[in-house]
Amino acid sequence: MESSSLGLAPSGDGARTSSSPGRPGRARWRGCVSPWLQQRPWVAIAIPAPRLRRSPRPSEAARRRPCPLPWQPRRSPRSVTTATAARRLVGADHVAARSRDGGAMAEEERALLGSDGGSGAAGPARRLSPCHPQRLAHRLLVLALMCFLGFGSYFCYDNPAALQTQVQADMKVNTAQFMALYAWYSWPNVVLCFFGGFLIDRVFGIRLGTIIFSIFVCVGQVIFALGALFNAFWLMEAGRLVFGIGGESLAVAQNTYAVSWFKGKELNLVFGLQLSMARIGSTVNMNIMGWIYSRVQHLLGHSGHSTLGLTLMIGGITCLFSLGCALILAYLDKRAEKLLCKEQGKTGEVIKLTDVKDFSLSLWLIFLICVCYYGAVFPFIGLGKVFFIEKFRFSSQEASAIDSIVYIISAPMSPVFGFLVDKIGKNIIWVLCAVVTTLAAHIMLAFTFWNPWIAMCLLGVAYSLLACALWPMVAFVVPEHQLGTAYGFMQSIQNLGLAIISIAAGMILDTRGYLFLEVFFSACVCLSLIAVVMLYFVNHLTGGDLNWSARKREKLQKVAATEKES
């Protein structure tokens, strides 16, 4: 009775038919109870006034949501906990702050993250995009560009060897003058190769330096070809001089790139792959330049210096290809430096030219091994085609094939030996095996008439093994900030030896013949063998790490890294 006299709404479904967004029947309570309390103020003490609360404006999604049925209770806004609201508020503030930052940070983040990265503030670890410098695909692309960086240089370096008969006949020069083409390549690098490493470290940087040296290679090859076109042998020598200015310095940049991108246990394999691609260029040159000469001769209808010049100009296309690789590699390296926020190949220490006096005895012995060994390989290959024709009565095509077998073997075997050296270590032992095998090959060629394929195959295996084990040892005996200078000095001394040995080989061949030439090459390998034995004992007495196993070196590197972090 009291409820009806008070004018309260009856209980039941009628009380739940209100269209108010709040509780059922709230509008009727507000309309009836308030006038009744005004007439009876003493009851206000017993009945608390209803709490009037402004309902929040429903969102678009809430307005579109269907109304619940009477037996389906509606979810109160209070069911959203305080922690959830706080998380939403923090997330909104975080998004607003990120949108305010914008600019370079947003661009960098988009470059670093994939399409489905960054899905939430507290989500799982973000995935790197396929173009990130730390991804395997990106590093493989950089490795391929590094390998092709020296393809054109090595292809054109042995153009004279592939066309020895044609050069001597068309330009009317003797063997000593012919070998001067190799000497002119080497002479400028006696000085410039050392300064090339210094310029890479201090002046140009690795990217700009690589591009400049690649341009020198292209210009030098063009001048070399023009010298043949104009029947000017002195211009051909000038072209080889310019070609040499860029060629060996480009090799220094290539090695510095390799150390910058692939440190640690990957280094030997990378050096092997680089050497493999370079030797593929030399192999293609040995087997294709003679064919190109014959096709140009057939096209022109005669042989001579013009045919030689056009053939050399066609070979220069490979130098343009390597220049393109240098440009792309420079862009990728610059991008990696920006994304990874570090300066590659620099340690903050100042490099001085007087650092040469601080080189250890082990490093000087490595230099001596390099000079004596390569002095018995490259000049021999330069003269090998005519050697096989005269001594073993091979045809010109067969002589070219056997002369290039060293490069053919080194192309697939260099990465294999690089992988073995990485896994096993013991670099000095590998170098010793390579030098002994090379000595046996030269003795066979000098004093026997056995099938020369045996000796040349041994020489190819030994050459591949020595390159994979010798060159990475430089990184073990000098600090990182001196790597460019050390590799440049190594190339400089090597070119000094090659220039002298090339001239001496041409003179010996003109006056004494091939037997004395092979004895001369065997003597050079013997000097290299003595230097290897001395390096073994010096490294053992000084406690060096050149002959450590790969497992021991990796373990000590981890200990050193832990101590550095602590």
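## What I503 touches

Leaving aside residues up to four places away in sequence, I503 touches A183 and W187. Keep in mind that this is a predicted model. I503 itself belongs to helix α24, which covers residues 483-511.

How exposed is I503? Its relative accessible area is 33%, so it counts as partly exposed, given that this class lies between the 20% limit for buried and the 50% limit for exposed. I503 also has P379 for company across the chain: the two sit 124 residues apart in sequence, yet their C-alpha atoms are 9.2 Å apart in space.

## The nonpolar patch

I503 is part of a nonpolar patch on the surface, along with W184, W187, L496, I500 and M507. The patch comes to about 540 Å². Which helix gives the largest share? That's α24, with four residues.

## Helix α10

Helix α10 takes in residues 175-186. Its 12 residues should span 16 Å at 1.5 Å a residue, and the end C-alpha atoms are 17 Å apart, so the two figures agree.

Why call α10 largely enclosed by the rest of the structure? Because nine of its 12 residues are buried. Among them are A183, Y182 and Y185, plus F178, M179 and L181. So A183, one of the residues I503 touches, is on the buried list.

At the start of α10, N174 reaches in with a side-chain oxygen, which comes within 3.3 Å of the backbone nitrogen of A176.

How values were computed: Residues are numbered from 1 along each chain as its sequence is written. This is a predicted model: local features need pLDDT of at least 70, side-chain atom pairs count only at pLDDT 80 or more; totals for chains, interfaces and linings use all residues. Side-chain values use heavy atoms; hydrogens and water are left out. Helices (H or I, at least four residues) and strands (E, at least two) are DSSP runs, numbered from the N terminus. The expected span of a helix is 1.5 Å times one less than its number of residues. Buried means under 20% relative accessible area, exposed over 50%, partly exposed in between (1.4 Å probe, protein chains only). A polar contact is a pair of N or O atoms within 3.5 Å; within protein, one must be able to donate a hydrogen and the other to accept it, and residues adjacent in sequence count only if both atoms are side-chain atoms. Patches are made of residues with over 30% relative accessible area and no salt bridge: like charges are joined within 9 Å, nonpolar side chains (Val, Leu, Ile, Met, Phe, Trp, Tyr) within 5 Å. Accessible areas come from the Shrake-Rupley method with a 1.4 Å probe; for residues, only the protein chains shown count as cover. A salt bridge is a side-chain nitrogen of Lys or Arg within 4 Å of a carboxyl oxygen of Asp or Glu. Contact means heavy atoms within 4.5 Å.
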